[in-house]
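Work through the exercises below with the model open. Try each task before you read its solution.

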Amino acid sequence: MIHHYKNIAPIIHDTAFIAKDAVITGDVTIGEESSIWFKTVIRGDVAPTKIGNRVSIQDLSMVHQSPNNPVIVEDDVTIGHQVTLHSGIIRNHALIGMGSLILDGAEIGEHAFLGAGSLVPPGKKIPPHTLALGRPAKVVRELTDEDYQEMERVRKTYVEKGQYYKHNTSL
C-alpha cells in the first residue's frame, strides 16, 4: 500500500518491485530495480527516506526516522529480513544481516557486512570493508574476497528476484 502523508507521496522508480502487502508512506524515494519485500513498512512521515538503486529491503523490515534525521540507503545495498533501520545511513554495497537494529545517526560504511542480529547504537560508525557483529556491534575483521563474492551473489539474487516478481506475478 502506498500512502500520501500531508500531501507528500512516495516517489518510486517504475522498475522497482514493491510487494502489495508492503506499506510505504510519505517522503520516501526508491530507486531503479530496488525491491521492497513482503510486509515491510517504510514510513516517511517524520523525515525523508532515500533508497538508492538495486537495494533490497527484505520481508518484515521497518524503516523510520527521527525529526531532522533522514534515512539514507545508497546503491546496491542488501537489507535482510526483519531489520529495523531508524534514521541511519547505509553506504554503497553494504549488507545488513537479518534481525539487525540500526539506530539514529549510525552509519554502515561502503562494502561493510553487518552480521545477523546485530545492534548498531546511535551515532556508531561501522568502517568500510569490515565485518561487524554483536549487541552492540563491534568490528571483528576485514572482509575477504569470499565475503565480497557472497555479498554480490546475494545482491544480484535479490535484484533478479525482484524483477521476476515485478514482471511475472500479480503480487
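**Exercises on charge pairs and burial**

Arg 141 is partly exposed, at 36% relative accessible area. Here buried means under 20% relative accessible area, exposed over 50%, and partly exposed in between (1.4 Å probe, protein chains only). The model is predicted: local features need pLDDT of at least 70, side-chain atom pairs count only at pLDDT 80 or more, and totals for chains, interfaces and linings use all residues. Residues are numbered from 1 along each chain as its sequence is written, and side-chain values use heavy atoms, with hydrogens and water left out.

**Exercise 1.** Find the residue that forms a salt bridge with Arg 141, and state whether that residue is buried or exposed.

*Solution.*
1. Apply the criterion: a side-chain nitrogen of Lys or Arg within 4 Å of a carboxyl oxygen of Asp or Glu.
2. The partner is Asp 147, with the closest N and O atoms 2.6 Å apart.
3. Asp 147 has 13% relative accessibility, so it counts as buried.

**Exercise 2.** Which parts does the salt bridge between Asp 27 and Lys 50 tie together?

*Solution.*
1. The two side chains meet at 3.9 Å, N to O.
2. Asp 27 lies in strand β4 (residues 23-30) and Lys 50 in strand β6 (residues 41-51), so the pair ties together parts 23 residues apart in sequence. Strands (E, at least two residues) and helices (H or I, at least four) are DSSP runs, numbered from the N terminus.
3. Asp 27 is partly exposed at 23%. Lys 50 is partly exposed too, at 37%.
4. The structure holds 11 salt bridges.

**Exercise 3.** Place Arg 155 and Glu 152 in the helix, then name the network they belong to.

*Solution.*
1. Both residues lie in helix α1 (residues 145-168), three residues apart, about one turn.
2. An α-helix has 3.6 residues a turn, so residues three or four places apart point the same way.
3. The closest N and O atoms of their salt bridge are 2.8 Å apart.
4. Arg 155 is buried at 11%, while Glu 152 is partly exposed at 27%.
5. Salt bridges link Arg 54, Asp 76, Glu 152 and Arg 155 in a network.

**Exercise 4.** Check the span of α1.

*Solution.*
1. The expected span is 1.5 Å times one less than the number of residues.
2. For the 24 residues of α1 that gives 34 Å.
3. The end C-alpha atoms are 34 Å apart, which agrees.

**Exercise 5.** Is Thr 130 buried or exposed?

*Solution.*
1. Thr 130 is found in strand β19 (residues 130-134).
2. Its relative accessible area is 2%, so Thr 130 is buried.
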